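Let's walk through this fold together, one packing contact at a time. Have the structure open beside the text as you read.

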Amino acid sequence: VEGEKVNTHIVTLTRFLTEEQVKHKEATGDFTLLCHALQFSFKSIAYYIRRATLVNLTGLAGSSNTTGDEQKKLDVISNDLFIEAMRSSGRCALLVSEEEEDIIFFRDSENARYAVACDPIDGSSNLDAGVSVGTIFGIHKLAEGSKGTKEDILKPGSELLAAGFTMYGASAQLVITMRGGSVNGFTLDNGLGEFILTHPDMRLPAKRSIYSVNEGNSLYWEDNVKNYFNSLKEAPEGGKPYSARYIGSMVADAYRTLLYGGIFAYPADKKSPKGKLRILYECAPMAMVFENAGGQALNSKMERMLEVVPEHIHDKSGIFMGSYDEVEKLGNQITGGA
Ligand code: AHM
Ligand code: MG
């Protein structure tokens, strides 16, 4: 482009995945292929969301999902796109989706070694208003010799091989992390049709005075949770109280928290004693991202979120996640230590 400085040193997600694969001598390339299928589903979901109002895709599809929420057309489309991407990759043995009551087994994918959990469109109550939504995913490896059973996915987040999310905002932002690795953020360049590495090695600030929670639920909160959030609104000597930021789209609230720091919470409460957010495809993948970025994630019992083992695929949990020091402070306050 004339007069414009063009950056030719671009790391695309494709290149990044290839370079990661080379680092692992034992790698067969299967995981990379699975990631390419994921990448394609994110691109197509991003594309349909962008066109949604244009082609009148918004509105109800006339069916409801397993947890009783109203399902929008885009939920259905995104779910179908995701399932088809996983099936056609040939690398996914089974899939848990928020929109599907049961596990989907891809028995034709004979040599598939991965189990995937996903929420194809999280935060869908925001869709019609054009507010950011996202796709959350977690990838487990099948047990040695397994052809794919529910035990291959009913595992704690600490065993996840990789996890992340894509936020469909002003641009699509993909955040991915592998076990024991760092967190990397990519931005979809619509012109190139490629995710570009824009946020290498993301680290959350250790603290920040921002809290993100649906305060409308405070009537149902346990007293210690109420006290904690109330304490954030008191200004320390010479300081300022915390700011509140709540989008109501976990991916968007999580993405902001990753960049700016602070704490995001959806506590279990008297109305929803098990919490609202689902362990396999909401809490655990996010907890992995937050821990690998230097933060923390706990459930409502102040246990490490990544160690929670779900009994059923759609099990829920309370969650508190964010900057290391903020979660530390919360833990101390809730357990009465400080
Ligand atoms: P969904 O998967 O049905 O979209 O629900 C999950 C969403 C999260 O994105 C968000 O954090 C939360 O629900 C918001 O819930 P609420 O409207 O109760 O504050
Ligand atoms: Mg959802």
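**Helices and the sheet they cover**

Start with helix 2 (residues 30-51) and helix 3 (residues 73-89), which pack with their axes 9 Å apart at an angle of about 160°. Helices here are DSSP runs of H or I with at least four residues, strands are E runs of at least two, and both are numbered from the N terminus. Axes are lines fitted to C-alpha atoms, over the stretch in contact for helices, and angles between N-to-C directions run from 0 to 180 degrees. That angle makes helix 2 roughly antiparallel to helix 3; the label applies over 145 degrees, while under 35 is roughly parallel, 65 to 115 roughly perpendicular and the rest oblique. This is a predicted model, in which local features need pLDDT of at least 70 and side-chain atom pairs count only at pLDDT 80 or more, while totals for chains, interfaces and linings use all residues. Residues are numbered from 1 along each chain as its sequence is written, with chains lettered from A and ligands numbered from 1 in the order in which they are written.

The helix 2 and helix 3 crossing is right-handed (the near helix is turned clockwise from the far one by less than a right angle; anticlockwise would be left-handed). Among the contacting residues (C-beta atoms, placed from the backbone, within 7 Å) are Leu34, Phe40 and Tyr48 of helix 2 and Ile77, Phe82 and Met86 of helix 3. By class, this contact has 14 nonpolar, 5 polar and no charged residues. Ala, Val, Leu, Ile, Met, Phe, Trp, Tyr, Cys and Pro count as nonpolar, Asp, Glu, Lys and Arg as charged, and the others, including Gly, as polar.

Now for the sheet. Its 8 strands form an open sheet in the order 4-3-5-6-7-8-9-10, with mixed pairing (strands pair if DSSP finds at least two bridges between them). Strand 4 (104-105) and strand 10 (194-199) are the edges, each with a single partner strand, so one side of each lacks a neighbour in the sheet. Further in, strand 7 (residues 162-168) and strand 8 (residues 172-178) run antiparallel, joined by 7 bridges, and Ala163 sits opposite Thr177 in strand 8.

Two helices lie across these strands. Helix 6 (residues 279-292) lies across strands including strand 3, strand 7 and strand 9, at about 85° to strand 6. Helix 1 (residues 13-23) lies across strand 8, strand 9 and strand 10, running at about 75° to strand 10.
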